[in-house]
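Me: Hey, I've got a protein open and I'm pretty new to this. Can you walk me through it?

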Amino acid sequence: MTISTTTGQQGSRPGVRLALWAVVAILLLAAGARLHGAASRPVWTDEGFAAWASSAPTVGEMLDRVEAWDRHPPLTYFVLYAWREVAGASRLALRFWSILTGLLSAALVYRLGADWFGARVGRIALLLFAVLDLPVYYAQEVRHYSWLVLSACLMTLLFLRAFRHPSRERLIAYGLSIVFMLYSLYLGVLVVAVHGVVGLFVWRGSRRDKAALVVTWIAAAAAFVPWLIVLAGQFDRGYNSVNEGIGGFPGSLATTWPALRRVMELVFGGQWALTVGAVLLGLGALIRTRARSVRWAARLTVALAGIGLLAFMIAANEWFGVLSARTLVFLTPFVMLTAAHGLGSLDRRAGMILAGTFALVMLVTPQTIQPRLRSDWTAQAVAAAYSPGDLVILETGWDDNAFQYELSLALPDGAQIIRTLPWVGNPLTAEPVIPHVADAIAAHRRVWVVQWLQPSAVIPTIEGESSDFRRVRTLEIPTGDEYARAYPATPLVTAVLFERPDLAREPVMFGDLFALRDVVLPETAQAGDLLHVDLWWEAAQPPTLDYSVGVFLMNAEGATVADHQGPPGETPTTAWTVGDPVFDRHTLALPPDLPPGAYTVAVNVYWYGDMQPLDAGGQTLVAVGEVAVSRQ
């Protein structure tokens, strides 16, 4: 007997190792799916808010931002606030914790499946969850939805372990997991409600054990009281209140047949007919499990936390807006466990083939969960024409935060970006924008206005008759393929550059043809960057030839280190009208190895036919300014 047992154990080791490596491989697949594109995908509206809130200079101000502008608990923001000090504010850094919680959720899905359905079902559930679009997407968001998924899995795992073997330690761990959920996203109380139904009405535990479970819930709720006070105050905040749900907000789903089909696609995956069939098989297998057993109660808990809550939320959506991709994601671990239970009830090969087919389809035909405005394209377009010292004003409504974040990545450190959202975000307390930005505009010679959807107050003001600013650049940037498909009538993003030339100063004459009225250039530049030199010309008399302008950057020894030569402005000089100002931008590419120091900017004018510069007061090359160059 001893020899037989030993031999059996030894023979089982390769199978155990293979199963272990299968779990590791699927977890690596889950990690790859959650990392793919996380560093390059632009932030969207809500992510932009998280980035802005966590960028506050102090913890107190961060909490003020969350309390005033958000309807969610603060734990995610605390972690992001501290994490930025360590890892910075890149897209991947800010998404790290969502990716990590998403991967931990996948591991817990396997653990739940292996504990209560068997190791094979655990592996199938892990595979389904690893590639399902909805949890993958929210594991890449700078938000708390991936944290909610983790807390739902963790609470259920610890509840079922306390359910099977009650102890003080297990109940304390379970209670702490509830606190973690409450401070992450309190929508997870629905999962706790499922635990309450099972723990009080299904579990055959003693009255003492059930009383201990109730005490655990009360203690967890007591730990949430400090933020509950804040939450209570938000109920009376009108536009920012939490008492209307998410109905009518972007991404919310109504209780209509087309919307319910979308719900099915989100929760069950793009090939939802396959998954629904597997779920029905899983529910059938649950019915066949011996009722009132501990295993049956655990599987019932999983079914109620997934399919049961889905049915409840669809019904409740008629009265309280609760359906959207982000509010459904926490159901997916339990739905996939039930589906895996169904696939596991089939022949081993058939179940694995169907699970593999599901995974392959998910990987090659990903869904668009949330259309993303390509705010990074706007940031890149502005950055290409930006000069240090430019002021940027955002009139992009609720997307101000996303645009600000993407611009902060694309522009040099210290770029001044003003959001107008604080004055227009709440229609009940909206204020005129101009009084808040007038002083900043007056202090700058170059002002960018990025406008989208929100009606502009700044552009008409800057272009007003009493303004000295002139529009010199107008960029129209696409919103991106995802957004254009979802909202085809949405306009392009507009970025306008205004410049204020001093046309009253004494001009520099080049021959008797051209007057250089003003030069606008930044005080500083960095080696390896672009240097924009803006010239303002007037024709003193009608030119009969098309002239060119050379702009040169010279070191202290007078050697040219960078230059740009070409026609001035957007129209040939023969088409200029005498006395009309002409804007002329020249962009110089600074060498990356340019030594730090002060450099002179000089200008000449010549006809390309003979390349002979026009005389400018006895000179052919006139110094018009100086730039301090530094190196990164």
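Reply: Sure, one term to begin with: a residue is buried under 20% relative accessible area, exposed over 50%, and partly exposed in between (1.4 Å probe, protein chains only). Also, this is a predicted model, where local features need pLDDT of at least 70, side-chain atom pairs count only at pLDDT 80 or more, and totals for chains, interfaces and linings use all residues. Residues are numbered from 1 along each chain as its sequence is written, and side-chain values use heavy atoms, with hydrogens and water left out.

Me: OK, so is Phe 201 buried or exposed, and why?

Reply: Phe 201 counts as exposed because its relative accessibility is 61%. You'll find Phe 201 in helix H10. Helices (H or I, at least four residues) and strands (E, at least two) are DSSP runs, numbered from the N terminus.

Me: Which residues make up the nonpolar surface patch?

Reply: Val 197, Leu 200, Phe 201, Val 214 and Ile 218 make a patch of about 440 Å². Patch residues have over 30% relative accessible area and no salt bridge; like charges are joined within 9 Å, and nonpolar side chains (Val, Leu, Ile, Met, Phe, Trp, Tyr) within 5 Å. A salt bridge is a side-chain nitrogen of Lys or Arg within 4 Å of a carboxyl oxygen of Asp or Glu. The areas come from the Shrake-Rupley method with a 1.4 Å probe, and for residues only the protein chains shown count as cover.

Me: Which helices supply it?

Reply: H10 (189-201) and H11 (207-223) each give at least two residues, with the largest share, 3 residues, coming from H10.

Me: What about Ala 221, where does that sit?

Reply: Ala 221 is in helix H11. Ala 221 counts as partly exposed because its relative accessibility is 41%.

Me: Switching topic: what's on the inside?

Reply: Buried residues make up 51% of the 632 residues in the chain. In soluble globular proteins, nonpolar side chains tend to be buried together. Here the largest nonpolar core has 118 residues, and Leu 128, Tyr 174, Ile 178, Leu 328 and Phe 330 touch the most other members. Helix H8 gives the most to this core, 13 residues. By core I mean a set of buried Ala, Val, Leu, Ile, Met, Phe, Trp, Tyr and Cys residues joined through side-chain atoms within 4.5 Å.

Me: What does Tyr 174 touch?

Reply: Leaving out residues up to four places away in sequence, the contacts of Tyr 174 include Met 155, Leu 158, Phe 159 and Trp 217. Contact means heavy atoms within 4.5 Å.

Me: And how covered is H8?

Reply: H8 is mostly covered, with 17 of its 20 residues buried. H8 runs over residues 145-164, and its end C-alpha atoms are 29 Å apart, which agrees with the 28 Å that 20 residues should span at 1.5 Å a residue. That expected span is 1.5 Å times one less than the number of residues.

Me: Anything odd in the loops?

Reply: Met 611 has a positive phi of about 60 degrees although it is not a glycine. Met 611 lies in the loop between strand E13 (597-607) and strand E14 (622-630). Leu 453, also not a glycine, has a positive phi of about 65 degrees, in the loop between strand E3 (446-451) and helix H23 (458-462).

Me: Last one: how many helices and strands are there?

Reply: The chain has 24 helices and 14 strands, and its C-alpha trace spans about 110 × 60 × 45 Å along its principal axes.
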